[in-house]
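Welcome! Here are a few short exercises on aromatic rings, each with a worked solution to follow at your own pace.

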Amino acid sequence: MAVPKKVGFQLKLRQSKLIYKAFKAIKDSPDWENLSDARKRVVDLKLKEAVLFGVSLEDTSRERFNEIEQELEKLAQNFEENILDATKNFEKVITDKREIEGLPVTTLSITAKTATDKGYENATAEDGPWIITLDGPIYRSMLQHACNRSLREEIFRAYVTRASDGPLNNTPIIERVLELRLEKAKLLGLKNYAEVSLEMKMATVDKAKDLIYKLHEASWGSAIQDLEELRDYAREKGAQEANDLNQWDINFWSERLRESRYDFDEEELRHYFPLPKVMEGLFNLTKKLFGVDIEPANGTAPVWNKDVSFYQVKDSSNAPIAYFYFDPYSRPSEKRGGAWADLVVGRSSVEAVFHEFGHALQLLLTKQDEGLVSGNQGIEWDAVEIPSLFMENWWKPYWASPSIMKVEKPLPENTCLRILRARTFRAGTLLLRQLRYASVDLELHSTYVPGGLESIYDVDQEIGKRTHPIPLLPEDRFLCSFSHIFADKYAAGYYSYQWAEVLSADAFSAFEEAGLDNDQSLREMGSKFRETILALGGGKAPNEVFLEFRGREPTPDAFLRYNGLLPTIAAT
């Protein structure tokens, strides 16, 4: 099998005594203090990584460690396969058009196409039949748009109980995974798996839990208010369920309320943001903040598609310091989906361009000569998104400021206000949902005892009471499809989403404090950001880098304020 061979090779490499002793010799040598900070950081990271992969274990302990790694890899694969099979096994055929009232044309087209693929030769979006599945886009559309409440309930219950019974039941897999991870931690001399995970992250277990607590305290009251607004709106519309809203009603009524308050025609917005003007504005912003010019360099390097552009980055002396490709359009047949960056590659979503360009800036403007900590290499996982999320924060001033946008016709003020308000719509509720995931992840990997009196679902239900104004269903088995922590690399790390958002918002608030309309102050703050967050990469611990930039420890205040969960700072 490929999996055992892959894991075996990785373990052999990471447990290499020869490599470990070589790095240890560097650390123990008389020349250690003469090494640069970046080289010390490379050595320390490699030593820590090797220890966490069992290099210090001997004989039966190492053998058992490797057995655990092999079994965990197989369990992760089985976990994911069970979810895929359980999702695929659910189908609901609908022939009565009244049952799918409210669904958008796109959803009707997809579900009719599914019916065609399943043998219903005459299926159409207009007349059906339609086959409803639990695929993410269909599930979300059903919960948001289907007027049929009983159908929403059926789909919701099916979704939150996927892979939780019969031969596809992931419950025993979860129990075994948690048992093995705890055993692995103890082999390494640590108390629990959360300590293993956070050894290679910026936060500690206590700091991650403290952040979750602070965000929870700030968002609970807002979430309660969100729920009351939904109830009031449902009553206003004469909905029978208004006084008894349940989990399958929330997204539906939230979407109706959002449409009534904030809806705007996204197609109408497109002519305000043609891609060339967006890029011009982004490069203008980059010059203002970081003192570099970005210019087309087409023709100096080969491209793989006519839509791909090649750019050069020049410093203040007009000397080229870096180059990058920009490939902005989706090509499903030949290009990985979504928005991503190795140098910089984006999709048509404008905000995504800002996000990926943040990653690119860290690669383009690095001043580290050690490849293992250059750019975004060697940066702890919970800190690697700081530059990208930081650049997203500039999207708002970008489209709200004609001087940055470089367009003749700025967005109408009323449209700006609707977009701004929509960005914080139900922010408390949405944050609490993420905190549920982060909390249950940390609890299961820090305090939960596999095989004890408390089940994994008891833990989730208890956390659900604190994060969901409407209680979770007793039969909720979301954990059985929580791939991030049981089939991916986010175990004891799901909090990283909020951690990085808090730090990026705090970093952006430094520019606000300097004055977004003060070019000189922006240049000074931009230079500081460039010389720390962007230039140092993984050559220094991220908490030290952030402290060097901000002059203090991070706080969640700016993040909460941007999400409408703290009062806006009065203008001075």
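A residue counts as buried when its relative accessible area is under 20%. Keep in mind that this model is predicted.

**Exercise 1.** Decide whether F390 and F529 are buried or exposed, and classify their ring pair.

*Solution.* Start with accessibility: F390 and F529 are both buried. Next, look at the rings, whose centres are 4.1 Å apart with 20 degrees between the planes. Planes under 30 degrees apart count as stacked, so the pair of F390 and F529 is stacked. Finally, place the two residues: F390 belongs to helix 15 (residues 386-392) and F529 to helix 23 (residues 519-534), so their pair ties together parts that are 139 residues apart in sequence.

**Exercise 2.** Classify the ring pair of F390 and W394, then find the cluster that holds these residues.

*Solution.* The centres are 6.3 Å apart and the planes make an angle of 75 degrees. An angle over 60 degrees counts as edge-to-face, so F390 and W394 form an edge-to-face pair. Both F390 and W394 are buried. Now widen the view: one aromatic cluster is formed by F290, F390, W394, F508, F511, F529, F549 and Y562. For the whole model, the count of aromatic pairs is 35.

**Exercise 3.** Which rings have the charged end of R14 or R477 over them?

*Solution.* Take R14 first: its charged end sits over the ring of F53, 4.2 Å from the ring centre. Then turn to R477, which lies over the face of Y457 at 4.0 Å from the ring centre.

Terms used: Residues numbered from 1 in each chain as written. Predicted model: local features only at pLDDT ≥ 70, side-chain atom pairs only at ≥ 80, totals over all residues. Heavy atoms only, no water. Phe/Tyr/Trp six-rings, centres within 6.5 Å; stacked < 30°, edge-to-face > 60°. Buried < 20%, exposed > 50% of the residue type's maximum accessible area, 1.4 Å probe, protein only. Helix = DSSP H or I, 4+ residues; strand = E, 2+ residues; numbered from the N terminus. Lys NZ or Arg CZ within 6 Å of the ring centre and 35° of its normal.
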